[in-house]
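The following exercises are to be worked with the sequence and the structure in view. Each task is followed by a solution in steps.

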Amino acid sequence: RPGVVSFLDTMMRDQQASLRIEEIPFSLTGRPLSSLEFQRFPNSLLMAVRHASGWIFNPPPDYRLEPGSHLIVMTSPEEREKLAQHIRQLPA
């Protein structure tokens with residue numbers, strides 16, 4: 001898969017694009033992904049959710065987060081911080 005490898009290599013090294021694959025811990029449980037309002041973060045792409053029993057790749061909007069979930073997101077470092085702050089401010 002040379003195209004994929006090239007894309008990932010370019011993404012990780014390109015200082016101007018500044019896209020990264022980031023992991024964001026999530027402590028609120030039972031909440032559907034749609035409640036995170038990812039559309040407010042147009043430069044972020046949710047790729048997967050990691051939880052104790054495995055991975056959910058390209059999770060649907062109605063997927064409910066489990067205890068200890070981690071969001072795997074392709075985003076810029078700046079937007080990652082905005083997204084993490086938004087998630088921390090969600091009501092329990």
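**Exercise 1: The largest pocket**

Task: Identify the residues that line the largest pocket, and state how they divide by character.

Solution. Step 1. The lining is formed by L33, S34, E37, F38, Q39, L46, N58, P59, P60 and P61. On a 1 Å grid over the protein atoms alone, a pocket is an open set of points where a 1.4 Å probe fits, with protein on both sides within 12 Å along at least five of seven lines, and a lining residue has an atom within 4 Å of a point.

Step 2. By character, this lining comprises 6 nonpolar, 3 polar and 1 charged residues. Here Ala, Val, Leu, Ile, Met, Phe, Trp, Tyr, Cys and Pro count as nonpolar, Asp, Glu, Lys and Arg as charged, and the others, Gly among them, as polar.

Step 3. The volume of the largest pocket is about 150 Å³, taken as the space filled by probe spheres set on the grid points, which are joined across faces, edges and corners.

A note on the model: it is predicted, so local features need pLDDT of at least 70 and side-chain atom pairs count only at pLDDT 80 or more, whereas totals for chains, interfaces and linings use all residues. Residues are numbered from 1 along each chain as its sequence is written, and side-chain values use heavy atoms, with hydrogens and water left out.

**Exercise 2: Two lining residues with positive phi**

Task: Describe the backbone, place and exposure of E37 and N58, both of which line the largest pocket.

Solution. Step 1. Most residues other than glycine have a negative phi. E37, however, has a positive phi near 55°, and N58, also not a glycine, has a positive phi of about 50°.

Step 2. E37 belongs to the loop between β1 (20–25) and β2, while N58 belongs to the loop between β3 and β4. Helices (H or I, at least four residues) and strands (E, at least two) are DSSP runs, numbered from the N terminus.

Step 3. E37 is partly exposed because its relative accessibility is 30%. N58 counts as exposed because its relative accessible area is 63%. The classes are buried (under 20% relative accessible area), exposed (over 50%) and partly exposed (in between), with a 1.4 Å probe and protein chains only.

**Exercise 3: The chain and its strands**

Task: Set out the order of the elements and the pairing of β2 with β3 and with β4.

Solution. Step 1. The protein chain has 2 helices and 4 strands, in the order α-β-β-β-β-α along the sequence.

Step 2. β2 and β3 (residues 54–57) run antiparallel and are joined by 4 bridges; two strands pair if DSSP finds at least two bridges between them. The two strands form a hairpin with 2 residues between them.

Step 3. β2 also runs antiparallel to β4, with 5 bridges joining them.

Step 4. R50 has a bridge partner in each: W55 in β3 and H70 in β4. V49 is bridged to I56 in β3.

**Exercise 4: Two residues of β4**

Task: Are I72 and M74 buried or exposed, and which residues does each touch?

Solution. Step 1. I72 lies in strand β4, as does M74.

Step 2. I72 is classed as buried because its relative accessible area is 13%. M74 is buried too, because its relative accessibility is 16%.

Step 3. Not counting residues up to four places away in sequence, I72 touches I21, E22, E23, L45, L46, M47, A48 and W55; contact means heavy atoms within 4.5 Å. With the neighbours within four places likewise left aside, the contacts of M74 include F7, M11, R20 and N43.

Step 4. I72 and E23 are 49 residues apart in sequence, yet their C-alpha atoms are 4.7 Å apart.

**Exercise 5: The largest nonpolar core**

Task: Which residues touch the most other members of the largest nonpolar core?

Solution. Step 1. They are F26, L33, L36, L65 and L71, out of 17 residues. Such a core is a set of buried Ala, Val, Leu, Ile, Met, Phe, Trp, Tyr and Cys residues joined through side-chain atoms within 4.5 Å.

Step 2. β2 (45–51), β4 (70–75) and α2 (77–88) each give two or more residues to this core, and α2 provides the largest share, 3 residues.

Step 3. Leaving out residues up to four places away in sequence, L36 touches F26, R31, L65, L71, H86 and L90.
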